[in-house]
Amino acid sequence: QVQLRESGGGLVQAGDSLRLSCIASGLTFDRYTIGWFRQAPGKEREFVGAITIASYTFYSAAVEGRFTISRDDTWSTIFLQMNSLQPEDTAVYYCALSLVVSRSRGHYAYWGQGTQVTVSV
């Protein structure tokens with residue numbers, strides 16, 4: 001059974017940093033591109049960034065230069081380091097796995113339950 005579990009969310013102030021983690025089990029982790037998505041209230045789930053099996057990373061324009069994704073295949077874990085957080089970053093953050101390199105959520109077959117990130121002014 002494939003499981004993804006995010007952690008590390010919380011309430012922070014604008015300008016602060018936060019690091020999210022996602023631990024995967026039940027699959028061969030190093031075969032997958034891992035993405036981070038987020039969903040704010042009343043909005044669609046949007047792509048944040050992803051890391052390929054070769055550890056190539058790519059991001060949305062909204063977070064480029066502020067967020068960094070890394071992976072540790074030994075522990076089937078990926079991280080989302082978020083710096084210079086702003087109120088507009090407030091959302092539930094999800095990790096997801098895909099067998100292809102993609103920004104499209106439709107290509108991601110496995111999803112975690114999400115972790116809430118709230119950024120106050």
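How many salt bridges does a search of the whole structure find? The search finds four, and several of them are described below together with the residues around them. Please keep in mind that this is a predicted model. The protein is built from eleven strands and zero helices, and 45% of its 121 residues count as buried.

**Overall build**

- Reading from the N terminus, the order of elements is β-β-β-β-β-β-β-β-β-β-β.
- The radius of gyration is 13 Å, which agrees with the value near 14 Å that a compact globule of 121 residues would have.
- Along the principal axes, the C-alpha trace spans about 40 × 25 × 25 Å.
- If you take the contacts between residues at least 6 apart in sequence, 58% of them join residues at least 24 apart.
- About 6,300 Å² of the protein is exposed, and carbon and sulfur atoms supply 48% of that area.

**The salt-bridge network**

- Four residues, Arg38, Glu46, Arg66 and Asp89, are linked in a network of salt bridges.
- Within this network, the side chains of Arg38 and Glu46 meet with an N to O distance of 2.6 Å.
- The two partners differ in exposure: Arg38 is buried because its relative accessible area, 6%, is under the 20% limit, whereas Glu46 is partly exposed at 37%.
- Asp89 and Arg66 also form a salt bridge through their side chains, at 2.8 Å from N to O.
- That pair links distant parts of the chain, with the two residues 23 apart in sequence. Asp89 sits in the loop between strand E8 (77–82) and strand E9 (91–98), while Arg66 sits in the loop between strand E6 (57–59) and strand E7 (67–72).
- Both ends of this bridge count as buried: Asp89 has 0% relative accessibility, and Arg66 has 17%.

**Another salt bridge: Arg71 and Asp73**

- Arg71 forms a salt bridge with Asp73, and their closest N and O atoms are 2.8 Å apart.
- Here the arginine is the buried partner, since Arg71 has 13% relative accessibility.
- Asp73, at 33% relative accessibility, counts as partly exposed.

**Nonpolar cores**

- The largest nonpolar core has 28 residues, and those that touch the most other members are Leu20, Trp36, Phe67, Leu80, Met82 and Tyr93.
- Which elements give two or more residues to this core? They are strand E3 (18–25), strand E4 (33–39), strand E5 (46–51), E7, E8, E9 and E11.
- A second core, separate from this one, has six residues, among them Phe37, Ala50, Phe58 and Tyr108.

**A closer look at Thr115**

- Thr115 belongs to strand E11, which covers residues 115–120.
- Is Thr115 buried or exposed? Thr115 is buried, because its relative accessible area of 11% is under the 20% limit.
- Its side chain reaches the backbone nitrogen of Gly9 at a distance of 3.2 Å.
- Setting aside neighbours within four places in sequence, Thr115 contacts Glu6, Ser7, Gly8, Gly9, Leu20, Ala91, Val92 and Tyr93.
- Two of these contact partners, Leu20 and Tyr93, also appear among the residues that touch the most other members of the largest nonpolar core.

**Two serines with positive phi**

- Ser76 has a positive phi of about 50° although it is not a glycine.
- You will find Ser76 in the loop between E7 and E8, and at 16% relative accessibility this serine counts as buried.
- Ser84 likewise has a positive phi, near 50°, and is a residue other than glycine.
- Ser84 is in the loop between E8 and E9, where it is partly exposed with a relative accessible area of 36%.

Notes:
Residues numbered from 1 in each chain as written. Predicted model: local features only at pLDDT ≥ 70, side-chain atom pairs only at ≥ 80, totals over all residues. Heavy atoms only, no water. Helix = DSSP H or I, 4+ residues; strand = E, 2+ residues; numbered from the N terminus. Buried < 20%, exposed > 50% of the residue type's maximum accessible area, 1.4 Å probe, protein only. Polar contact = N/O pair within 3.5 Å; in protein donor to acceptor, adjacent residues only side chain to side chain. Contact = heavy atoms within 4.5 Å. Rg over C-alpha atoms; globule rule 2.2 N^0.38 Å. Areas by Shrake-Rupley, 256 points an atom, 1.4 Å probe, with all protein chains shown as cover. Core = buried A, V, L, I, M, F, W, Y, C linked by side-chain atoms within 4.5 Å.
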